[in-house]
Amino acid sequence: MIKFGYTILYVEDVEESVAFYENAFGFHRKFISPDHDYAELNTGATALAFATKSLASQNLADGFIESSLEDKPFAIEIGFIVDNVPEVLQKATSFGAVIVSEPVEKPWGQVVAYARDLNGFLIEICTEVENVV
């Protein structure tokens, strides 16, 4: 059996990142380590997790490319399905997210917007994809 358990974002400050996602999107803490260098948020079936860059460095001897608002986003995004994209986008920006693109309705009917979090990670805020025949 294989189960997609979590996605980990490497950040400077785990507590700050967790607080952002709690406030901006309403997620709740599942776990935070005693040293505050790792945490997980309940987001549904798959957790969103955070590890400090220093902890990640211990696991990745050859290093990694750090995310930053000053650089272009990585070629990956985390996606949150919501009922009201403009409302959630506005709430996220009120807690520090940076808008990349305003909500747009795609040809298949899905509404999609993009923002970046405090660490520069790309977030898609979208409605559910309806069954298209």
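The following exercises, with worked solutions, concern the predicted model shown above.

**Exercise 1. Determine the strand order and the edge strands of the sheet that contains strand 1.**

Step 1. Four strands build this open sheet, and their order is 1-4-3-2, with mixed pairing.
Step 2. Strand 1 (6-11) and strand 2 (28-32) are the edge strands, each of them pairing on one side only.
Step 3. Between neighbouring strands of this sheet the average turn is 25°, direction ignored.
Step 4. Strand 2 and strand 3 (residues 38-42) are antiparallel partners joined over 4 bridges. Within this pair, F31 is placed opposite E40 in strand 3.

**Exercise 2. Determine the strand order of the sheet that contains strand 5, and state which strands leave one side without a neighbour.**

Step 1. The order is 5-8-7-6 in an open sheet of 4 strands, again described by mixed pairing.
Step 2. Strand 5 and strand 6 (98-105) each have a single partner strand, so one side of each has no neighbour in the sheet.
Step 3. From one strand to the next, the twist averages 15°.
Step 4. Antiparallel pairing over 5 bridges joins strand 7 (residues 111-116) to strand 8 (residues 122-126). Here R116 faces L122 in strand 8.

**Exercise 3. Identify the strands across which helix 1 and helix 3 lie, with the corresponding angles.**

Step 1. Helix 1 (residues 14-25) lies across strand 1, strand 2, strand 3 and strand 4 (47-52), and runs at about 155° to strand 4.
Step 2. Helix 1 also lies across strand 5 and strand 8, at about 15° to strand 8.
Step 3. Helix 3 lies across strand 6, strand 7 and strand 8, its direction being at about 175° to strand 6.

**Exercise 4. Locate the salt bridges of E15, E40 and E66, and classify the partners by accessibility.**

Step 1. Side chains of opposite charge can pair when their charged atoms come close. The whole structure holds 5 salt bridges.
Step 2. E15 and R29 meet at 2.5 Å, N to O. E15 belongs to helix 1 and R29 to strand 2, 14 residues apart. E15 is partly exposed at 28% relative accessible area, and R29 is partly exposed at 34%.
Step 3. E40 and K30 meet at 3.6 Å, N to O. This pair links strand 3, which holds E40, to strand 2, which holds K30. E40 counts as buried because its relative accessibility of 11% is under 20%, whereas K30 is exposed at 52%.
Step 4. The closest N and O atoms of E66 and K53 are 3.0 Å apart. E66 is in the loop between helix 2 and strand 5 and K53 is in helix 2, so the salt bridge ties together parts 13 residues apart in sequence. E66 is partly exposed at 42%, while K53 is buried at 10%.
Step 5. K53 and E66 also belong, with E12, to a network of salt bridges.

**Exercise 5. Describe the nonpolar surface patch and the surroundings of F4.**

Step 1. I65, F74 and I76 make a nonpolar surface patch of about 330 Å².
Step 2. I76 is located in the loop between helix 2 (53-59) and strand 5 (78-81). Because its relative accessibility of 60% is over 50%, I76 counts as exposed.
Step 3. F4 is placed in the segment before strand 1 and counts as exposed at 55% relative accessibility.
Step 4. Apart from neighbours within four places in sequence, F4 is in contact with A45 and T46.

How values were computed: Residues numbered from 1 in each chain as written. Predicted model: local features only at pLDDT ≥ 70, side-chain atom pairs only at ≥ 80, totals over all residues. Heavy atoms only, no water. Patch = residues over 30% accessible without salt bridge, like charges linked within 9 Å, V, L, I, M, F, W, Y side chains within 5 Å. Areas by Shrake-Rupley, 256 points an atom, 1.4 Å probe, with all protein chains shown as cover. Salt bridge = Lys/Arg side-chain N within 4 Å of Asp/Glu carboxyl O. Helix = DSSP H or I, 4+ residues; strand = E, 2+ residues; numbered from the N terminus. Buried < 20%, exposed > 50% of the residue type's maximum accessible area, 1.4 Å probe, protein only. Pairing = 2+ DSSP bridges. Axes fitted to C-alpha atoms, helices over the stretch in contact; angles between N-to-C directions. Contact = heavy atoms within 4.5 Å.
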